[in-house]
Each structure stands twice: as C-alpha cells, then as structure tokens.
Amino acid sequence: MSNDLPIFIENLRKDKKLDISIDKNLKIDWPWTKIAGPCSVEGGPGDKYDIVEIAKIVKSNGANALRGGAYKPCTYPVVSSISTGNYNWKEGLREEGLDLLNLAKKETGLPIVSEIMHDSQLTNKTLDIIDIIQVGTRNAQNYDLLDSLGEINKPILLKRGLYGQIEDMLGAAERIMTRGNTQVALCPRGVGGGPSYRHIFGSIWSPDIMIIPALNELSNIPIIYDPSHSTGYRNFVKPISKAALAAGANGLIIEAHPNPDNSVSDPEQAITFDTLGEIFEWSA
Ligand code: PEP
Ligand code: MN
C-alpha cells in the first residue's frame, strides 16, 4: 500500500467498519443491510401502487429499510427515457412524496432512505421523515450540499458520481465527515462511459464491482452497493447483487416495484418482489 494516501483516509483504515446505527433494526454493517423499494414514490392509500402496501411487502421480503424517491430528478424533466421509448416517466412528488413515505414508515416501522437535491430541502420535515439521506449521483460533487450534510446528525448514503473516481468518492465522504457528521455510507452505483449494453439490453451503465474491495482497502466506511442503477436492466440485478456481496459490500439498495414495467421511473431495472425475496434470502 502506498504511503501517500490523504491523512484523513489513513485515519479511517481500522479493522472495524464505522458503526452507523439507524435504530435497533438497522445497523449499517454486517449482517448486511437490505434497502428496497420503488425508484419514485408514486402512489398513496387506495392507489394500485400504495406505498404503504409496498412497504409491507418489502419488509416481508426481509428488507430493513424502505427506499423511494420524493425529490427525484429525471434526466428529461418533461418527456423522459427517450432511449427506450417509454414516455411515462415523471419527476418526483417532492413534499407529497415525503408524506407518503411517512405513512409507510409509521405503518411498518421501516427506516426511510430518500434523496435530497439541495440544502433548502433540509427542512425539519425532511429530517423527521428521512432516516438516511441519499446524495444522488448527479450531486456527488455538489460541495455546498455535502458541506451542509456534514453539519447535521443523520446518516448519509453517498452515491458515486456519474464518472466519479475513487478519489472523488472518498473526498466527498471526507467533506461530510470532517464537518462532524461521520455517519456516511458509500454507494457505488455503476459508471457510465464504459462498455454500453444499450443496443441489446437498453443499459448504458457498467457495474463497478472492483471499487468495493478497493474502498475496503482504503477506508472503513460501510459500502451499500446499488445493483439496480449500476446495471439498468432487471435480469442483471440478481447476479450483480451476488457479485457485490462476494466482493465485500455491507449491503444492497435495490429498486423493486409491484408492476416493474409500469414503474414511473427506471422501469427497465425494477425487479419483482419475488426476485427481491430471493436476493434477500442470501443473508439468512
Ligand atoms: C436513485 O437511487 O433513485 C437514483 C436516482 O440513483 P442515482 O443517483 O444513482 O442515479
Ligand atoms: Mn432509479
């Protein structure tokens, strides 16, 4: 190992992973953390995609936290997913989405993982409802946002940037942690710019499995792998989940939907709850 690692990262190299406890049911550490839910929160009580019902199913499949985008950015804000011809995508429900997540949390007790995009969204309400704040790929180097997240007392799930290098990821974590909030988990979620599977499978992403053991050599920050965004294609989610765990990930965050093809965002990568259950069984 070279001696020229940043001092901060050197200090993080301890045998034991950082201890991030969300509540008595969820500690981001071994045995692995299982986070699942739809890409976007999209349905309320009585709706066919009722988030409370979804949360119950997610829980019964072994998840220990619920994911769902409220402040959800879409690449094309009006007409999305040009490449696949699916024109039903919608931007997130924002505050209304948070309210729905809150219902699901109250009903199931599952901690909530959700993204915020700007520090103006760090309101009391957001902090009350979201248990693990996700920093999205497109914000992975939004330093003002990272600085603000360093000043709160709340676990952060920090995604890898679109073309982020390992230094970018560790530097972003350092930025949050040096401000006082040491509750950071890293989330590799695939990279663009590698071989594209677009023509056959509709995916532009490549899973970044090797960064898992690399990060584990450099730091003791827990790693939650995202096999959904890193593959972009549902048939790949299960094998890549297995690869990530074998490589040393401490958990997975997976997109699942009651009717994957009808998900309002990321339909191609959403998996069924049956498949989710099969993946989560590995931790038993
Ligand atoms: C997400 O997890 O909902 C998401 C938008 O992922 P990413 O930021 O990795 O694209
Ligand atoms: Mn998504």
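Me: Ala, Val, Leu, Ile, Met, Phe, Trp, Tyr, Cys and Pro count as nonpolar, Asp, Glu, Lys and Arg as charged, and the others, Gly among them, as polar. How many residues of each class are in the shell around ligand 1?

Reply: This is a predicted model, where local features need pLDDT of at least 70, side-chain atom pairs count only at pLDDT 80 or more, and totals for chains, interfaces and linings use all residues. Residues are numbered from 1 along each chain, chains are lettered from A and ligands numbered from 1 as written, and side-chain values use heavy atoms without hydrogens or water. Around ligand 1 (a heavy atom within 4 Å) are Arg67, Lys72, Glu115, Gln134, Gly136, Thr137, Arg138, Lys159, Arg189, His229 and Glu255. By class, that shell has no nonpolar, four polar and seven charged residues.

Me: How far is the side chain of Arg189 from an oxygen atom of ligand 1?

Reply: Take polar contacts, pairs of N or O atoms within 3.5 Å. His229 places a polar side-chain atom 3.5 Å from a ligand 1 oxygen. For Arg138 the distance is 2.9 Å. For an N or O atom in the side chain of Arg189, it is 2.6 Å.

Me: Which residues coordinate the manganese ion (ligand 2)?

Reply: Donors are N, O and S atoms within 2.8 Å of the metal (3.2 Å for Na, K and Ca), and water is not among the atoms, so sites may look incomplete. In sequence, the donor residues are spaced C-x189-H-x25-E-x10-D. At 1.9 to 2.4 Å, the ion is held by Cys39 (SG), His229 (NE2), Glu255 (OE) and Asp266 (OD).

Me: Is Glu255 buried or exposed?

Reply: Buried means under 20% relative accessible area, exposed over 50%, partly exposed in between (1.4 Å probe, protein chains only). Asp266, at 13%, is buried. Glu255 has a relative accessible area of 1%, so Glu255 is buried.

Note on methods:
Polar contact = N/O pair within 3.5 Å; in protein donor to acceptor, adjacent residues only side chain to side chain.
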